[in-house]
Amino acid sequence: MLEEAKKYLGLKTIGYIIGGSLIYSVGFNCFILPCSLYNGGFLGIAQLLIYFLESVLQIRLEGENYMGIIYLLMNIPLVYFAYKEFGHDFLIKSIFCICSYSFFLSAVPVPEVSYLPDNITACVAGGIFCGLGCAMTLTSKGSGGGEGILALLLMRKYSSLNLGTVFNIINFFVFGSCCIIYDISTAVYSAFFAVITAVVLDKTYLPSITVNMFIISKKENIENIIFDCVQRGVTKVKGVGAYSGEETNVLLTVVSKAEANVLRKRLLKFDENIFIIEDQSVSVVGNFKKRL
């Protein structure tokens, strides 16, 4: 097991996981918790469990931040089922992600008073930090656990489900509980923080951004570079330059933003006169598989 961990956890991967989980924990502990706001997903459930232990069962935690420990315990059954369903690469990186999140969420101190003057500013600052941190850990091709692994497991069984649906169900429960336990304003601010986090995540996690690439080149076999580089399908047609009248190749492919960055460099190296048009965030229906 140790040898496999060394195989999958390179220095760059470890840097993404540790850096991302630290940034996320700083954003959440330093900006969100001092405002008594809640996160969505499993972290939000962990917060609700702490409230239940302290307020209902009267178990005093003496000011210590146990959220990271509870989050780790909640992920144990998910990791077990992930081991049955997914490969070692995803599993080992996810275990390291979960442990890293749990450590930093417990280790980063929570200030008694917010650093920022109001809840809106705190939500924006916390959302930026948390979205960026989450994007970094996902870039390692692992998962921080919680609703991410749960959604992947449920999608294996129920093909009609998607990540957004599972996240929304969990967040509805968390923020609905906030309305009952606290007040509507707490739920609204918490939901605002979750939206900011999601927007930053979408903008910074490159594999989630879909890119439509039009590639025009006079050279042949451009499609082989695409096959070799990103393993995506290509539509190829013959065109004619309106000004020069020369025959040219026109290729169309859909890739992620991360794949587009790699593919663009390979294509420019192959043909310095190549012409590439990119259109981001296109809607794709059909046989297009999103990858980690």
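Which residues of α11 are buried? I started there, keeping in mind that this is a predicted model.

**Helix α11.** I got Lys257, Glu259, Ala260, Leu263 and Leu267 as the buried residues of α11. Looking down the helix axis, I found that these buried residues sit within an arc of 130°, so they line one face of α11. That fits the textbook picture: an α-helix has 3.6 residues a turn, so residues three or four places apart point the same way. On the face turned away from the buried side I noted the exposed residues Lys265 and Lys269.

I also checked the length. Helix α11 covers residues 257-270, and at 1.5 Å a residue its 14 residues should span 20 Å; the end C-alpha atoms are 20 Å apart, which agrees.

Next I asked what covers the buried residues of α11. The cover includes β1 (210-217), α10 (222-230), β3 (247-256) and β4 (275-280).

**Cores.** I then pulled up the largest nonpolar core, which has 40 residues. Phe28, Phe42, Met67 and Ile149 have the most contacts inside it. I listed the helices that each supply at least two residues of this core: α2 (11-32), α3 (41-56), α4 (67-85), α5 (88-107), α6 (119-139), α7 (147-157), α8 (163-181) and α9 (184-204). The biggest contributor is α4, with 7 residues.

I picked Phe42 for a closer look. Leaving aside neighbours within four places in sequence, I have Phe42 in contact with Tyr71, Met74, Leu78, Gly146, Glu147, Leu150 and Ile170.

Last entry: there is a second, separate core of 15 residues, and among them I noted Ile209, Val211, Ile226 and Leu251.

Definitions and conventions: Residues numbered from 1 in each chain as written. Predicted model: local features only at pLDDT ≥ 70, side-chain atom pairs only at ≥ 80, totals over all residues. Heavy atoms only, no water. Helix = DSSP H or I, 4+ residues; strand = E, 2+ residues; numbered from the N terminus. Expected span 1.5 Å × (residues − 1). Buried < 20%, exposed > 50% of the residue type's maximum accessible area, 1.4 Å probe, protein only. Arc of directions from axis to C-beta. Contact = heavy atoms within 4.5 Å. Core = buried A, V, L, I, M, F, W, Y, C linked by side-chain atoms within 4.5 Å.
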